[in-house]
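Here is a short briefing on one protein chain. It is meant to be read beside the sequence and the 3D view.

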Amino acid sequence: MSSRTSFASLHSYSALPLRDRANVTSLQTLVGNTPLVRLQRIPPNPNVELYAKAEWFNPAGSVKDRPALNMVLEGIRSGELTEEKILIDATSGNTGIAYAMIGATLGFRVQLAVPENISPLRRRILEAYGAELFFTSPLEGTDGAQDFVKRVVNKNPTKYFYPDQYNNPANWQAHYHTTAEEIHHQVGKPITHFVAGLGTTGTFVGIARRLKELHPYITCVAVEPDAPLHGLEGLKHLPTSCVPGIFDARLADLTLRISTDESYAMVERLAREEGLLVGNSSGAACAAALRIASLLEQGVIVSVFPDGGARYLNG
Ligand code: PMP
């Protein structure tokens with residue numbers, strides 16, 4: 001390709017309407033199709049297989065790349081997201097990082113409301129992608145961030161595209177159509193248990209809904225922190241939070257509540273015994289999966305590990 005042609009094609013990308021840009025980027029080939037890892041040393045019984053979906057392999061580093069991309073594409077398809085609009089949402093971090101990455105690729109502004117206590121590293125990552133941040137009270141968590149966004153959008157509705165990940169079906173549908181199908185094909189045998197943490201609940205709802213269709217005897221286990229104040233970024237203590245509109249409690253055959261200490265201890269074990277450096281919500285999911293494993297003589301348990309641990313090392 002001559003330098004003239006490559007300049008012309010670069011130039012023409014920015015000139016394309018958002019809808020066409022979404023069709024020509026590589027985003028859809030980069031997001032998803034993550035590895036499924038079998039845990040070898042932590043499971044107590046070799047007849048109980050324990051698998052983890054390694055979601056930190058997504059391009060912006062977490063499970064949230066999938067729903068963020070799907071909500072943006074749905075917004076573009078429906079005409080709600082155009083190049084003049086600013087994407088705004090409330091996020092504890094990973095969804096925001098995903099929006100920021102997608103906004104940078106496709107060329108629209110991203111503004112995020114985040115609780116003031118997000119880790120400095122997450123803040124630096126968001127700012128590196130060019131996202132604009134509003135800080136809300138750490139005492140109000142993501143609920144406070146959501147209220148803030150609703151107030152801003154209500155004042156000026158035509159200026160913003162508000163995906164509202166807590167109430168947007170494109171969130172759980174991303175997992176129904178991609179993550180669950182990948183798990184089904186990667187495991188290749190009947191799955192007895194599915195275990196995942198609850199934040200917006202999109203991961204749990206989308207995967208459980210599809211796996212229940214594909215594996216009629218599966219038990220789906222939802223995982224949440226055992227207390228309202230906890231150190232499990234990304235997870236919600238539902239009894240004391242606003243329940244997301246997309247949550248469907250009927251999909252949870254069992255709910256396990258895991259403490260921050262137990263999750264952190266499991267994060268350390270995963271790094272040292274399995275070579276998997278994962279985030280704290282992965283520790284919670286694994287601790288819950290292990291509780292199930294210890295009750296079984298045989299079984300095939302699948303969990304989702306939402307993000308990697310490097311993001312948590314610098315506080
Ligand atoms: N773990 C982490 C680290 C997350 O960022 C999130 C997203 N909030 C979750 C778990 C929960 O995923 P979901 O929002 O799909 O319930």
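The points below cover an open sheet, a helix that lies across part of it, and the salt bridges.

This is a predicted model: local features need pLDDT of at least 70, side-chain atom pairs count only at pLDDT 80 or more, and totals for chains, interfaces and linings use all residues. Residues are numbered from 1 along each chain as its sequence is written, and side-chain values use heavy atoms, with hydrogens and water left out.

**Sheet and helix**

- Four strands form an open sheet in the order β5-β4-β3-β6, with parallel pairing. Strands (E, at least two residues) and helices (H or I, at least four) are DSSP runs, numbered from the N terminus. Two strands pair if DSSP finds at least two bridges between them.
- β5 (132–136) and β6 (160–161) are the edge strands. Each has a single partner strand, so one side of each lacks a neighbour in the sheet.
- β3 (residues 86–90) and β6 run parallel and are joined by two bridges. In this pair, L87 stands opposite F161 of β6.
- Helix α5 (residues 94–106) lies across β3 and β4 (109–115). Its angle to β4 is about 170°. Axes are lines fitted to C-alpha atoms, for helices over the stretch in contact (heavy atoms within 4.5 Å). Angles run from 0 to 180 degrees between N-to-C directions.

**Salt bridges that link distant parts of the chain**

- The count is 20 salt bridges. The rule asks for a side-chain nitrogen of Lys or Arg within 4 Å of a carboxyl oxygen of Asp or Glu.
- K53 and E182 form one of them, at 2.9 Å from N to O. K53 sits in strand β2 (residues 48–54) and E182 in helix α8 (residues 169–187), 129 residues apart.
- Both ends are buried (under 20% relative accessible area; exposed is over 50%, partly exposed in between; 1.4 Å probe, protein chains only). K53 is at 0% and E182 at 12%.
- R66 and E55 form another, at 2.7 Å from N to O. R66 belongs to helix α4 (residues 65–78), E55 to the loop between β2 and α4, 11 residues apart.
- R66 is buried at 3%. E55 is buried at 0%.

**A salt bridge within helix α4**

- R77 and E74 meet at 2.4 Å, N to O. They are three residues apart in helix α4, so about one helical turn separates them.
- R77 is partly exposed at 49%. E74 is partly exposed at 33%.

**Network**

- K53, E55, R66 and E182 belong to one network, joined by salt bridges that share partners.
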